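Trainee: I am new to this model and would like a close look at a single part of it. Please set the whole in view before turning to that part.

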Amino acid sequence: MKLLFAEDDRDVSRAVVTLLERSNYTVDPVYNGTDALDYLVGGDYDAAVLDVMMPGMSGIAVVRQARQQGVR
């Protein structure tokens with residue numbers, strides 16, 4: 001399963017990504033909302049885990065814009 005993980009705290013991101021990878025997930029970490037949206041639109045993810053408060057764009061705004069651009 002391929003996941004996008006968006007979290008602006010790099011220490012938290014590193015820890016969660018390590019745990020997910022140990023559970024056999026493929027994870028692409030990003031650190032702001034703008035990159036999260038770019039990855040979602042351009043990638044083929046099974047799921048995304050998004051921080052609500054990130055620089056550039058909130059996780060909620062990322063979901064809204066991704067939906068508007070056809071990401072399901």
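Trainee: How much area does the protein chain expose, and what share of it do carbon and sulfur atoms supply? After that, please go through the largest pocket.

Mentor: This is a predicted model, in which local features need pLDDT of at least 70 and side-chain atom pairs count only at pLDDT 80 or more, while totals for chains, interfaces and linings use all residues. Residues are numbered from 1 along each chain as its sequence is written, and side-chain values use heavy atoms, with hydrogens and water left out.

The protein chain exposes about 4,600 Å², and carbon and sulfur atoms supply 48% of that area (Shrake-Rupley method with a 1.4 Å probe; for residues, only the protein chains shown count as cover). Along the sequence the pattern is β-α-β-α-β-α, where helices (H or I, at least four residues) and strands (E, at least two) are DSSP runs numbered from the N terminus. The radius of gyration, taken over C-alpha atoms, is 11 Å, close to the 11 Å that the globule rule gives for 72 residues, so the protein chain is as compact as a globular protein of that length. That rule is 2.2 Å times the number of residues to the power 0.38.

Now the pocket. On a 1 Å grid over the protein atoms alone, a pocket is an open set of points where a 1.4 Å probe fits, with protein on both sides within 12 Å along at least five of seven lines; lining residues have an atom within 4 Å of a point. The largest pocket holds about 280 Å³ of space, a volume being the space filled by probe spheres set on the points. It is lined by 14 residues, and L40, A47, A48, V71 and R72 are the closest to its centre. At least two lining residues come from each of α2 (33-42), β3 (47-50) and α3 (59-68). The lining has nine nonpolar, one polar and four charged residues (Ala, Val, Leu, Ile, Met, Phe, Trp, Tyr, Cys and Pro are nonpolar; Asp, Glu, Lys and Arg are charged; the others, Gly among them, are polar).

Helix α3 also holds V62, which counts as buried because its relative accessibility is 0% (buried means under 20%). Leaving out residues up to four places away in sequence, V62 touches G33, A36, L37, L40, L50, M54 and M57, contact meaning heavy atoms within 4.5 Å. The C-alpha atoms of V62 and L50 are 8.4 Å apart, with the two residues 12 apart along the chain.

Notes:
Buried means under 20% relative accessible area, exposed over 50%, partly exposed in between (1.4 Å probe, protein chains only).
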